[in-house]
Amino acid sequence: MDVQTHRGNLIMNTATMAYRNLLKTFHNPDRFMDVIIQPIMFMLMFGYLFGGAIAGNVKNYLPTIVPGILIQTMLSAASGSGSQIREDLDSGVFDRFKSLPMAHIAPLAGQLFADILRLLIATVTSLATGYVMGWRPTAGFGWVIVSGLLAIFIGWSLSWVFALVGLLAKNATTVESFSMITMMTLSFLSNAFIPIKTLSKTMQVIAYMNPITYVITAIRQILSTGSWTHEAVLVLIFGIGIVVVFAPLTVWAYNRNN
Amino acid sequence: MEVINAIEVNHLTKKFGNKIAVDNVSFNVKQGEVFGLLGPNGAGKTTILRMMTTLLKADRGSVKIFSHDTVKEGRLARSMFGLTGQYASVDEDISARENLMIFSRLNGLSRSASKQRTQELLSEFSLVDSADKPLKDFSGGMRRRLDLAVSLISSPALVFLDEPTTGLDPRTRMQMWDTIRKLVTQGSTIILTTQYLDEADQLADRIAVIDHGKLIKIGTPEKLKQQIGGTKLNFTIGQVSQIDPAAKIMTDQLGDSIHFNGQQVHASLKHTSQLTPLLVALQQAGISISNLTIQEPSLDDVFMNLTVGKN
Ligand SMILES: Nc1ncnc2c1ncn2[C@@H]1O[C@H](COP(=O)(O)OP(=O)(O)OP(=O)(O)O)[C@@H](O)[C@H]1O
Ligand SMILES: [Mg+2]
């Protein structure tokens, strides 16, 4: 078979696999949680619970918490990638994929492609919930889109990391608890919900070691200044670096298993 | 005319750790044949099937599907068969229609061809009414049917079925047998595994008996059953005076495989078709019988018989 049909095959198969993945997301309440219910709930809960205490009122708190919860949602949507891959590998369906004359890498590629759409849904949900609660970013709509895209890209780079975890782990439960702990640790030990200045010295050190802190800072800066800041550039490079390192590792782990 | 082999299996061997799961198994299956792999739990049936269908790499040996090597020409070989695994390999979260659509697309069908094929298969497998329900609400039989439907999307010339009726109730089991027979009349070559001798007997042209990873016997169902003495027939003769005429009729029809124990008779049939003429002859001679039992040889008998003297 010539290269041309192989490539056409790969693109078609990947699109079909991504479609399958999204269908599963929409049919399965568990998978829907990550990208829709969770950001809405967190936005409402944190906003109305801590808004008064941390920023005087809900409206003043929103510029802090909208980027925080946006990135937290990216983390948990990305971490879903790992458990979904593990579930697929463990189910009989994967045997069928392997026995079909289709592009070998398509199931992995489809997952990562569908992740982009899930991240997009999660981003729109988070930002829209903020808007409904009264969040009006000073930078304007264009910059909201820019910050959303940056968030999606960072989320997608993390998808590769979680996909690797999913490929290496023994079962879906392991992946889920690992994802949960990682998501909790990275989002709560950062500046997602509170200004870092209010933390104790030790906690400040920890928060500054957490890469998520810088991602959230960059997003906040874009939304408040309406400019592509130095931090945003660093965060973008960080994301590219993760993809460059983890994409080959993930593909390697996938090929090794199959 | 030259006979084409649908599959050629040569010296297939697989070890898991120290345990030999499949030990130097070789056989050929001709086009149009139904070939049964018969063996108890853990015999190695699934492992053989997984190696034949490129899901598992063999330690040693080779498999050719329509003379294409499954290792060197994997994708080509994969385009020639359909597989229904031992455990359901359909997507639980989505509907039957969506499953068929997705797997049609992955089989390389265009969108409109996929729609058409999906509809065909849904009606062929009586799944139209539940086509859009989630699979969670499906019975075991429906799931199995969908699984089989998905394996037949590309109308493959060779179909692998791993224990197609395990866990099905008798009625659903019969339906599955009918479906398989229909495939045969359409010209498919079928390789199936089973733990049940009667199933292999009903469906297969040839049977390979597998035990502890080894192929211990291969042949037609008739041959295998002959070897283990066939169907056992037992009954009691009504009156003592009828023993002699009965013995004469039975020896005429069945040969010398008859034992008398007073009025009780034990005989073995080479073929169940011998039964009716025998009973008719007895009735015409005015011989009354009671307590009639017929015992098909069980898988246990086959194994006892085939493994005796081997260890
Ligand atoms: N992935 C594996 N790792 C280790 N051992 C395995 C693996 N797969 C199968 N085995 C072992 O190989 C042997 C053959 O298993 P196989 O599943 O092929 O049997 P089977 O004939 O299909 O049995 P069943 O009727 O229960 O399906 C068994 O002893 C099993 O424990
Ligand atoms: Mg098995």
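**Exercise 1. The shell around ligand 1**

Which elements of chain B each supply at least two residues of the shell around ligand 1? Then describe the make-up of that shell and the polar contacts to the ligand, bearing in mind that the model is predicted.

*Solution.*

Step 1. Begin with the secondary structure. At least two shell residues come from each of β2 (19–30) and α1 (45–52) of chain B. The largest share belongs to α1(B), with three residues.

Step 2. Sort the shell by residue class. There are 14 residues around ligand 1, and they divide into four nonpolar, seven polar and three charged. Those that come nearest are B:N41, B:G42, B:T46, B:T47 and B:Q86.

Step 3. Look for N or O atoms of the protein beside oxygen atoms of the ligand. In B:G42 a backbone N or O atom is 2.8 Å from an oxygen atom of ligand 1. For B:G44 the corresponding distance, again from a backbone N or O atom, is 2.9 Å. B:Q86 takes part through its side chain, where an N or O atom lies 2.8 Å from a ligand oxygen.

Step 4. Consider the ligand surface. Ligand 1 taken alone exposes 630 Å², and the protein buries 63% of that.

**Exercise 2. Two residues of chain B, B:D132 and B:N99**

Determine for B:D132 and for B:N99 whether the residue is buried or exposed, and describe the surroundings of each.

*Solution.*

Step 1. Place B:D132. This residue sits in the loop that joins α4 (111–124) to α5 (140–151) in chain B.

Step 2. Apply the cut-off for exposure, which is over 50% relative accessible area. B:D132 has 52% and is therefore exposed.

Step 3. List the contacts. Leaving out residues up to four places away in sequence, B:D132 touches B:S95 and B:R97. With B:R97 there is a polar contact between the two side chains, at 2.9 Å.

Step 4. Place B:N99. Helix α3 of chain B, residues 96–106, contains this residue.

Step 5. Apply the cut-off for burial, under 20%. At a relative accessible area of 1%, B:N99 is therefore buried.

Step 6. List its contacts. Beyond four places in sequence, B:N99 touches B:V90, B:D91, B:I94, B:L135 and B:L146. A polar atom of the B:N99 side chain lies 2.9 Å from the backbone nitrogen of B:D91.

**Exercise 3. Surroundings of B:A6**

Which residues does B:A6 touch, not counting residues up to four places away in sequence? State also where B:A6 is found.

*Solution.*

Step 1. B:A6 belongs to strand β1 of chain B, residues 5–16.

Step 2. With a relative accessible area of 0%, B:A6 falls under the 20% limit and so is buried.

Step 3. The residues touched are B:V29, B:K30, B:Q31, B:K64, B:I65, B:F66, B:L158 and B:T189.

Step 4. A distance can be added: B:A6 and B:G82 are 76 residues apart along the chain, and their C-alpha atoms are separated by 13 Å.

**Exercise 4. The interface between chain A and chain B**

How many residues of chain A are in contact with chain B? Find also the area buried between the chains.

*Solution.*

Step 1. On the side of chain A, 24 residues are in contact with 25 residues of chain B.

Step 2. About 2,300 Å² is buried between the two chains, and carbon and sulfur atoms give 57% of this area.

Step 3. A:R96, A:S99 and A:P101 supply 28% of what chain A buries against chain B, more than any other three residues.

Conventions
Residues are numbered from 1 along each chain as its sequence is written. Chains are lettered from A and ligands numbered from 1 in the order in which they are written. This is a predicted model: local features need pLDDT of at least 70, side-chain atom pairs count only at pLDDT 80 or more; totals for chains, interfaces and linings use all residues. Side-chain values use heavy atoms; hydrogens and water are left out. A residue is near a molecule or strand if one of its heavy atoms lies within 4 Å of it. A polar contact is a pair of N or O atoms within 3.5 Å; within protein, one must be able to donate a hydrogen and the other to accept it, and residues adjacent in sequence count only if both atoms are side-chain atoms. Accessible areas come from the Shrake-Rupley method with a 1.4 Å probe; for residues, only the protein chains shown count as cover. Helices (H or I, at least four residues) and strands (E, at least two) are DSSP runs, numbered from the N terminus. Ala, Val, Leu, Ile, Met, Phe, Trp, Tyr, Cys and Pro count as nonpolar, Asp, Glu, Lys and Arg as charged, and the others, Gly among them, as polar. Buried means under 20% relative accessible area, exposed over 50%, partly exposed in between (1.4 Å probe, protein chains only). Contact means heavy atoms within 4.5 Å. Buried area is the accessible area (1.4 Å probe) that two parts lose on being put together, summed over both.
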